[in-house]
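Okay, thanks everyone. I'd like to talk about two helices today and how each one sits against its surroundings. Here's the model.

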Amino acid sequence: MLNIALPKGRLGEQVYGMLKEAGYPCPALEQPDRRLIFENEKAGVRYFWVKPHDVTIYVERGAADVGIAGKDILLEYSPELFELLDLKAGNCRMCVAGPADFRDNRSRMLRVATKFPRIAGDFYAEKSRDVELIKLNGSIELAPILGLSDVIVDIVETGRTLFENGLTVLEEVCPISARLVANPAAYRFRREEIDTLTMRLGEVIKASGEREN
Ligand code: PRP
């Protein structure tokens, strides 16, 4: 049975829909209950619901063979796993945001609040801009409002959180989407199964792209 770590929440449900369409349904998972593990022997899959941030930990340590992780997590933590497919789901952007009238004064250290210190650090290192990184765990938008930082580096999906907090996108760092990732050892030993899954998911993505056009 192929062990698949799904991120709990809207993205996981969307990706499960794609897996179902790809031939890996699991009726037990569609029941409204609080179980975290589900299997469909016939389809050869066992699904786990895990916190989105933890998917790469399960996959990296081999508790899951494959999983669905955001590109933000892959860039931030560089886990040792194979990235197999861009699922073109959970699309959003990693951005620098701040007050609309913000102007960077390069003679001063720039204070940047973020959940993603490595992504933010790499972004500013590339521009040779010295920054002080302030690591927060959420509600990042508060930081510039309360004067804790000058700007933030965070995920923007609809832009609503920024807008409702009087902030705006100042620069785009990179696009983000969900990726299918695999444990390297699992990929060696179960290559055929994992390649089939990847190929079928690729077909589902292509078909949905064609439906949209
Ligand atoms: C993320 C991100 C923004 C928000 C962006 O937060 O950190 O706050 O979503 O989405 P929007 O552009 O559609 O408004 P998340 O929901 O993960 O919560 P958090 O603040 O606890 O990290």
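So, what covers the buried residues of H8? The cover includes helices H1 (10–21) and H7 (184–189), and also strands S1 (2–7), S4 (66–70), S5 (82–86) and S11 (178–182). Keep in mind that this is a predicted model.

Now, which residues of H8 are buried? They're Ile194, Leu197, Thr198, Leu201, Val204 and Ile205. If you look down the axis of H8, those buried residues fall within an arc of 120°, so they line one face of the helix. Flip to the face turned away from that buried side, and you find Glu192, Lys206 and Glu210, which are exposed.

A quick sanity check on geometry. H8 runs over residues 191–212, and at 1.5 Å a residue its 22 residues should span 32 Å; the end C-alpha atoms are 31 Å apart, so that agrees.

Okay, over to H1, one of the elements covering H8's buried residues. With twelve residues at 1.5 Å each, H1 should span 16 Å, and its end C-alpha atoms sit 17 Å apart, which agrees. The buried set here is Gly12, Val15, Tyr16, Met18 and Leu19. Down the axis of H1 these fall within an arc of 160°, so they too line one face of the helix. Arg10 and Glu13 are exposed, on the face turned away from the buried side.

And what covers H1's buried residues? H8 is among the elements there, along with S1, S4 and strand S3 (45–50).

Last bit: after H1 comes glycine 23, with a positive phi near 105°.

Notes:
Residues numbered from 1 in each chain as written. Predicted model: local features only at pLDDT ≥ 70, side-chain atom pairs only at ≥ 80, totals over all residues. Heavy atoms only, no water. Helix = DSSP H or I, 4+ residues; strand = E, 2+ residues; numbered from the N terminus. Expected span 1.5 Å × (residues − 1). Buried < 20%, exposed > 50% of the residue type's maximum accessible area, 1.4 Å probe, protein only. Arc of directions from axis to C-beta. Contact = heavy atoms within 4.5 Å.
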